[in-house]
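This report concerns a predicted model. It addresses the packing of one helix pair and then the nonpolar cores.

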Amino acid sequence: MASFLVKGLREEHYSVDYAADGEEALRLARHDVYDAIVLDIMLPGRSGFEVTEVLRQNQCQTPILMLTAKDRVDDKVRGLNLGADDYLTKPFAFAELLARLRALIRRNTPDATPVLTAADLTLDPISHEVHRAGHRIELTAKEFGVLEFLLRNQNRVITKTTLIEHVWDMNFDSDTNLVAVYIRYLRKKIDDDFEPKLIQTVRGVGYVLKVS
């Protein structure tokens, strides 16, 4: 089920990390900042209940969606009382999980402007729609991930390694030219036919998205 969820979420343009047990889940949650956590109660090692309790005790406010085969009311109540934000009982439809995740993310950032902009480029992290000068731009999951990260860090030079760590798997080969390839794909879609050019190369360092 985990591999299915990871694949499905990545196809929906989410950047996903996966933990096989409770200890790994805690390590990841402490190391990085996430928009949401999908947490199975029946994890090896520390259970989802224990992971939730430790995260909340350590002031982690990331929304948690709990998954479990259990459907007893007391299990749901326990998870919510420990700090989970929502609860989904297996089996479930992927579309429902996706809808609940989006709702949790929106609820967790009520004061944030969801649409990212630069000149006449807009990117909506919720609907995953991208427009330039009013034209809809179709992006792959990785293209979307690269563009979103650059938009969230406008005017800041981003290294290839940083992009790999945030958009691809953490153990991805840092010597690959894949980042340059995806930057080229993005430029073709959002820059070649438009002005001003937004994605710029800082030779020997990385890339920056800014309005010249």
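Helix H6, spanning residues 141–152, packs against helix H7, residues 160–167, at an angle of about 120 degrees, and their axes lie 10 Å apart. Angles of 65 to 115 degrees count as roughly perpendicular and those over 145 as roughly antiparallel; H6 and H7 are therefore oblique to each other. Their crossing is right-handed. On the H6 side the contact is made by Lys142, Gly145, Val146 and Phe149, and on the H7 side by Thr162, Leu163, His166 and Val167. By character, the residues of this contact comprise 4 nonpolar, 3 polar and 1 charged.

The largest nonpolar core holds 28 residues, of which Val130, Val146, Leu147, Leu151, Leu163 and Leu209 touch the most other members. The elements that each supply at least two residues of this core are tabulated below.

| Element | Residues |
|---|---|
| Strand S4 | 116–118 |
| Strand S5 | 121–124 |
| Helix H6 | 141–152 |
| Helix H7 | 160–167 |
| Helix H8 | 178–190 |
| Strand S10 | 206–209 |

H6 provides the largest share of the core, with 6 residues. Val146 and Leu163, which belong to the contact between H6 and H7, are also among the core residues that touch the most other members.

Which residues surround Leu209, leaving aside its neighbours within four places in sequence? Leu209 is in contact with Ala118, Leu147, Leu150, Leu151, Gln154, Asn155, Leu198 and Ile199. Apart from the largest core lies another, of 18 residues, including Ala29, Ile64, Met66 and Ala84.

Notes. Residues numbered from 1 in each chain as written. Predicted model: local features only at pLDDT ≥ 70, side-chain atom pairs only at ≥ 80, totals over all residues. Heavy atoms only, no water. Axes fitted to C-alpha atoms, helices over the stretch in contact; angles between N-to-C directions. Helix = DSSP H or I, 4+ residues; strand = E, 2+ residues; numbered from the N terminus. Parallel < 35°, antiparallel > 145°, perpendicular 65-115°, else oblique. Left-handed = near helix turned anticlockwise from the far one by under 90°. Contact = heavy atoms within 4.5 Å. Nonpolar A, V, L, I, M, F, W, Y, C, P; charged D, E, K, R; others polar. Core = buried A, V, L, I, M, F, W, Y, C linked by side-chain atoms within 4.5 Å. Buried < 20%, exposed > 50% of the residue type's maximum accessible area, 1.4 Å probe, protein only.
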